[in-house]
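Ready for some practice in reading a protein model? Take a look at the sequence and the structure, then work through the exercises at your own pace.

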Amino acid sequence: METLGKLAVLAEGAKYDVSCSSSGSAGRRGAVGSTSLGGICHSWSDDGRCISLLKVLFSNDCVFDCAYCVNRRSADIPRATFTPRELADLTIQMYRRNYIEGLFLSSAVVGSPDDTMVQLVRTAKILREEHRFGGYIHAKAIPGASPSLLGTLGLLADRMSVNIELPSETSLRALAPQKSRDSILRPMAFIGGTIEERRKWRKSGRSGPAFVPAGQSTQLMVGASPENDFTILRLSEGLYRSFGLKRVYYSAYIPVAENPLLPAPATKPPMLREHRLYQADWLLRFYGFKAEEVLSPQQPNLDEALDPKTGWALAHPDFFPVDVNRASCEEILRVPGIGVRSARRILSARRGHLLDGDDLTKLGVVMKRARFFISCKSAAFPAFPAGGDLRRLLASPPPGKDNLRQLRLEF
Ligand code: SF4
């Protein structure tokens, strides 16, 4: 098969990985500017820039048979495998034509995890050392890969990720029997430990080559297995804490296989659930919440009608109103309608004078939500109303609840 034929097959095989924003978008295939067929996706670099990446598998010829995966060994699909030189040359050609700014390098398991890692390392080495490619590389580590290969790939990549996919050992055993919790967490621990080691080196004034400078991430599938949101959120919290992950990506499962253990092929992907999990994840990372505050064994799933922060506020009326002129940053961050940036602005602005409602609006506070939960200078906000009424008032299903999909701008 020629390189472009392989590209079509292997870009298709990579599209279910959601570590970039435009994954899974059908786009307008065949039209001028359409990037879906060529496997071009968009992601964000560490400094917040949007970057275009060539997202392909090195191979989709998998020896594993994960029931939820389009590339599983038992699937009847066209198979292809690049050579390291083919993929490196393709990447550099697309880079020189300005189609892409980087590479999202992943693979099915060809032979064994270490055999596959050797091929990924070779590809990255040709790019970095022969082509002197300085662009962004996000490399997937293969579950079960040995530390020495992870260490070599980590010196060549900007970001690495090991996908967890299923949130429990039980589901792994049922749906991905060739993988184990240990084979996934060990590489993750190695990458996280080495990143931390390098950070300490730099702090102590020692130099050394950068190792995975943009950090590591992972992907969790939502809706393929029966775990609730509480289990998923607690897992994410543990991953952030134990391995210093930059990001957990949640991926609404798109049924691709008939299997009694999986949702039926006609089942719609749980996009709204995915959206709420991202919001809850945001609370863990930036708002000082713990998973146990957002959910509990008694209430193990996120309310689809409310964003999780509003849900927490409605369940804790005793916490409010928060006096924005006196409260701590942590307390202000608990108010629905006040984000991290607005909270910082409030702390800075209130040094000069007591803030009133107009000041808060100017500082970016969404008053139509926040006004139920705050007090401030000379403002007569409604008292905290009875739960049911306020809940109705604040319910905010994202637009297109029934057909939630990737944002696309039409020009
Ligand atoms: S190892 Fe990866 S590519 Fe292979 S079947 Fe499992 S999920 Fe799919």
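The exercises below deal with a predicted model, and each one comes with a worked solution.

**Exercise 1. Find out how many disulfides the model has, and classify C62 and C329 as buried, partly exposed or exposed.**

Step 1. Recall the chemistry: a disulfide is a covalent bond between the sulfur atoms of two cysteines.

Step 2. Use the cut-off, which asks for two cysteine sulfur atoms within 2.5 Å. By this rule the count is zero disulfides.

Step 3. Now turn to the cysteines. Buried means under 20% relative accessible area, and exposed means over 50%. C62 has a relative accessible area of 13%, so C62 is buried. C329 has 23%, so C329 is partly exposed.

**Exercise 2. Describe the surroundings of strand β2 and work out how the chain gets from β2 to β3.**

Step 1. Locate β2 at residues 50-57; seven of its eight residues are buried, which leaves the strand mostly covered.

Step 2. Look for its partner. Strand β3 (residues 102-106) runs parallel to β2, and five bridges join the two. As a landmark, find L54, which stands opposite L103 in β3.

Step 3. Follow the chain onward. From β2 the path goes through helix α2 (residues 84-96) and on to β3, making a right-handed β-α-β crossover.

**Exercise 3. Compare the reach of helix α1 with its expected span, and find what covers its buried residues.**

Step 1. Helix α1 covers residues 3-14, which is 12 residues.

Step 2. From first C-alpha to last, α1 reaches 16 Å, close to the 16 Å expected at 1.5 Å a residue.

Step 3. List the buried residues of α1: K6, L7, V9, L10, A11, G13 and A14. Their cover includes β2 and α2, two elements you met in Exercise 2.

**Exercise 4. Count the aromatic pairs and decide how the rings of F320 are arranged with those of W312 and F319.**

Step 1. The count comes to nine aromatic pairs.

Step 2. For W312 and F320, the ring centres are 6.2 Å apart and the planes meet at 75 degrees, so this pair is edge-to-face. Both W312 and F320 are buried.

Step 3. For F319 and F320, the centres are 5.1 Å apart with planes at 70 degrees, so this pair is edge-to-face. F319 has a relative accessible area of 31%, so F319 is partly exposed, whereas F320 has 8% and is therefore buried.

Step 4. Put the rings together: F289, W312, F319, F320, F372 and F373 form one aromatic cluster.

Key:
Residues numbered from 1 in each chain as written. Predicted model: local features only at pLDDT ≥ 70, side-chain atom pairs only at ≥ 80, totals over all residues. Heavy atoms only, no water. Buried < 20%, exposed > 50% of the residue type's maximum accessible area, 1.4 Å probe, protein only. Helix = DSSP H or I, 4+ residues; strand = E, 2+ residues; numbered from the N terminus. Pairing = 2+ DSSP bridges. Right-handed = clockwise from strand over helix to strand, strands pointing away. Expected span 1.5 Å × (residues − 1). Contact = heavy atoms within 4.5 Å. Phe/Tyr/Trp six-rings, centres within 6.5 Å; stacked < 30°, edge-to-face > 60°.
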